[in-house]
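Reader: I would like to learn how to read a structure like this one, feature by feature. Where should we begin?

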Amino acid sequence: MRRQKQESEAGTIYLTDGAARIARCIDTGDCRRSGFPGSRLFLMAVICMLSFLLAPVIARAGDVKGKVVIVNGSSNANAVIYVENVDSVFAPPDTDAIMDQKHLAYMPEVLPILAGTTVKFLNNDDVLHDVFTPSQCAGSFDLGSFPPGESKTHVFKRPGCFSLILCDIHPEMQAWIVVLQNPYFAVTDHEGNYEIRGIPAGTYILRAWFGYYKSESVKTVVSQNGTVNVDFQLRQ
Ligand SMILES: [Cu+2]
């Protein structure tokens with residue numbers, strides 16, 4: 001083992017490399033430049049602490065997935081599956097949700113969001129659009145006409161609001177913004193498949209919604225680290 005000569009008040013002593021680095025660190029206060037791995041030790045301690053604190057949270061979550069059949073529908077897409085209520089308060093995301101307007105249609109046609117989310121309406125057509133909603137729960141707003149390349153925003157505050165989005169210029173344009181209490185929701189793909197991940201373990205009402213169809217709900221137990229399969233059939 002290599003040893004380094006170190007001068008001290010007590011006289012000349014010989015230290016191992018590691019001990020010499022620690023001594024320099026204590027002496028100068030500059031642990032990083034002295035080679036003492038204090039910052040790495042601190043980082044490791046933080047990671048260990050976070051792992052310890054987050055382990056119960058991560059472990060107590062499960063997934064729900066399944067398939068939705070929209071009876072007599074042209075496809076099984078655009079049904080919203082969501083947990084009705086989770087006993088917690090959820091902050092809306094910092095980033096805006098996007099609803100585009102392209103080829104004289106809203107994209108997506110169905111947009112579920114957490115209450116308090118700001119939705120940005122884009123215009124990627126080459127004509128004017130005028131986004132409005134007759135839904136009182138969303139404030140019956142009219143954003144006015146705006147040209148290609150511009151955008152307008154609106155904050156959807158009230159959970160449980162199914163806001164019908166229309167265009168004052170193009171009557172064929174229609175979309176839904178579904179405002180929810182918690183972030184545990186999903187939209188079905190063309191085949192009707194959906195998956196909601198990371199739901200805290202517990203017993204919930206899981207609901208399936210599709211436009212003017214009758215919504216359906218099922219009492220669902222989400223277990224730790226498990227996946228529950230829940231299918232729905234929605235009828236007019
Ligand atoms: Cu339009």
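Author: We can begin with accessibility and a single residue. Ser140 is partly exposed, with a relative accessible area of 38%. Buried is the word for values under 20%, and exposed for those over 50%. Ser140 sits in the loop between strand 9 and strand 10. Bear in mind that this is a predicted model.

Reader: What is the phi of Ser140?

Author: The general idea comes before the case. Most residues other than glycine have a negative phi, and most peptide bonds are trans. Ser140 is not a glycine, yet its phi is positive, at about 45°. Asn78 also has a positive phi, of about 70°, without being a glycine. Asn78 lies in the loop between strand 3 (61–70) and strand 4 (80–83), and it counts as buried because its relative accessibility is 19%.

Reader: Which peptide bond is cis?

Author: The bond from Met107 to Pro108 is cis, with omega near 0°. Pro108 belongs to the loop between strand 6 and strand 7.

Reader: How is the pLDDT to be read for the chain?

Author: It is the predictor's confidence in each residue, from 0 to 100. The protein chain averages 85, and 75% of the residues score at least 70. Over residues 6–13 the pLDDT is below 50, and this stretch has 11 contacts in the model beyond near neighbours in sequence.

Reader: Now the sheets. What is the strand order in the open sheet of four strands?

Author: The order is 6-5-8-11, and the pairing is mixed. Strand 6 (105–107) and strand 11 (151–156) are at the edges with a single partner strand each, so one side of each has no neighbour in the sheet. From one strand to the next, the twist averages 25°. Inside this order, strand 5 (residues 97–102) and strand 8 (residues 117–122) pair in the parallel sense over three bridges. Ile98 stands opposite Lys120 of strand 8.

Reader: And what is the order in the open sheet of five strands?

Author: That sheet runs 7-13-12-9-10, again with mixed pairing. Its edge strands are strand 7 (110–114) and strand 10 (142–146), each pairing on one side only. Neighbouring strands are turned by 20° against each other on average, direction ignored. Strand 7 pairs with strand 13 in the parallel sense over five bridges, and Leu114 has Leu180 in strand 13 as its bridge partner.

Reader: Which residues are the protein donors of the copper ion?

Author: They are His129 (ND1), Cys167 (SG) and His170 (ND1), lying 2.0 to 2.2 Å from the ion. Along the chain the donors follow the spacing H-x37-C-x2-H. Cys167 is buried, with a relative accessible area of 5%, and His170 counts as buried at 12%.

Reader: Is Asn123 buried or exposed?

Author: Asn123 is buried, because its relative accessible area is 2% and the cut-off is under 20%. Asn123 lies in the loop between strand 8 and strand 9 (129–132). Leaving aside neighbours within four places in sequence, its contacts include the copper donor His129, as well as Asp100, Phe146 and Glu150.

Reader: Is Pro171 buried or exposed?

Author: Pro171 is exposed, with a relative accessible area of 74%. Its loop is the one between strand 12 (162–167) and strand 13 (174–180). Pro171 and Leu104 are 67 residues apart in sequence, and 9.8 Å separates them in space, C-alpha to C-alpha.

Key
Residues are numbered from 1 along each chain as its sequence is written. This is a predicted model: local features need pLDDT of at least 70, side-chain atom pairs count only at pLDDT 80 or more; totals for chains, interfaces and linings use all residues. Side-chain values use heavy atoms; hydrogens and water are left out. Two strands pair if DSSP finds at least two bridges between them. Helices (H or I, at least four residues) and strands (E, at least two) are DSSP runs, numbered from the N terminus. Axes are lines fitted to C-alpha atoms, for helices over the stretch in contact, and angles run from 0 to 180 degrees between N-to-C directions. Donors are N, O and S atoms within 2.8 Å of the metal (3.2 Å for Na, K and Ca); water is not among the atoms, so sites may look incomplete. Buried means under 20% relative accessible area, exposed over 50%, partly exposed in between (1.4 Å probe, protein chains only). Contact means heavy atoms within 4.5 Å.
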